[in-house]
Amino acid sequence: MKSVLFSLSLALMLAGSGAVALGQALERERKALWGKDLNQAVRAAKRLGRLRTAKSLDLMLETLKLGAPTEYCKARGKCTPNLAVELIKAIGQHRSARAVNLLMIYARHRNAKVRSTSLRALGVLRDKRLAKRIVRAVVDSLSDRDVQVRMAAAWIISYRTKNKLDLPGRGRLERLLIALLDRGDTAAPAMGLAAIGGYDTARHLAIHLRKLPERTIAKIYRSLLVRRDFGPDPIRQWIVRALAELKGQHATEALANYAANPPKPGLKSVVMANQFME
């Protein structure tokens with residue numbers, strides 16, 4: 001009995017000392033975050049991202065809500081986005097639903113890097129209840145004037161698809177990406193459509209085979225062909241013929257990749273790809 005009581009006392013003492021040490025560490029990080037040295041504040045944000053505790057997240061959220069109020073920024077009358085960006089990255093590492101409201105606000109920040117970083121932090125949240133809000137931010141950001149923000153929105157589509165996270169409204173997202181492609185943006189649509197593109201994407205590219213860059217068409221088609229969920233095979237055959245008609249370097253590489261890495265056995269489209277490669 002005495003040994004049990006001793007063990008409990010020791011456990012409580014260790015837990016208490018751990019809490020004190022954590023509190024002291026957080027106070028040091030708070031001073032660094034709000035101090036006169038911006039570089040120290042940035043390093044503190046990075047450390048807090050690795051310190052996966054509720055209190056460390058609270059400190060970062062509090063600091064970000066106040067606009068990252070370092071003495072350095074007050075002295076200048078304004079602040080660079082560096083600290084906000086690092087805080088948002090660190091908050092994203094916690095993947096906590098508690099951060100969603102603040103991240104949604106910062107996804108509309110005046111600085112493009114802050115907007116794109118906030119989007120990526122939103123995109124990794126796994127709570128199903130937040131999926132519609134995340135998609136809403138993606139939809140808004142696909143029309144952003146800055147390419148890095150549009151790329152961040154497309155990255156969310158790709159990330160959530162690959163990691164089997166909820167992504168409601170895929171049809172609408174596909175249409176928005178296609179419209180973006182028609183307006184001359186190739187980077188974001190290529191990433192997003194590679195993940196969620198379906199029949200509409202395949203058809204649109206085939207119709208505009210000579211209007212869009214060969215590299216962009218080949219990149220999207222290549223990704224569609226190797227997806228196990230894409231099909232049926234007649235659509236794959238259609239894509240193989242379109243790639244063969246393009247006759248460019250990237251189109252040829254896409255056909256070779258498909259022939260070498262068929263997603264399923266016995267596909268006629270794979271046989272066709274091999275024939276075109278001969």
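Buried denotes a relative accessible area under 20%, exposed one over 50%, and partly exposed a value in between (1.4 Å probe, protein chains only). The model is predicted: local features need pLDDT of at least 70, side-chain atom pairs count only at pLDDT 80 or more, and totals for chains, interfaces and linings use all residues. Residues are numbered from 1 along each chain as its sequence is written, and side-chain values use heavy atoms, with hydrogens and water left out.

**View 1. Confidence along the protein chain.** The predictor's confidence in each residue, pLDDT, runs from 0 to 100. Its mean over the protein chain is 89, and 88% of the residues reach 70 or more. Over residues 4-15 pLDDT stays under 50, and the model has zero contacts (heavy atoms within 4.5 Å) beyond four places in sequence for them.

**View 2. Helix α5, residues 82-94.** Helices (H or I, at least four residues) and strands (E, at least two) are DSSP runs, numbered from the N terminus. Ten of the 13 residues of α5 are buried, among them Leu83, Val85, Ile88 and His94. The end C-alpha atoms are 19 Å apart, in agreement with the 18 Å expected at 1.5 Å a residue, a span taken as 1.5 Å times one less than the number of residues.

**View 3. Arg95 and Lys247, two residues with positive phi.** Arg95, just after α5, has phi near 50° and is partly exposed, at 41% relative accessible area. Lys247 lies in the loop between α14 and α15 (249-260); its phi is near 60°, and Lys247 is exposed, at 69%.

**View 4. The cis peptide bond from Gly231 to Pro232.** Omega is near 5° for this bond. Pro232 is found in the loop between α13 (214-226) and α14 (233-246).
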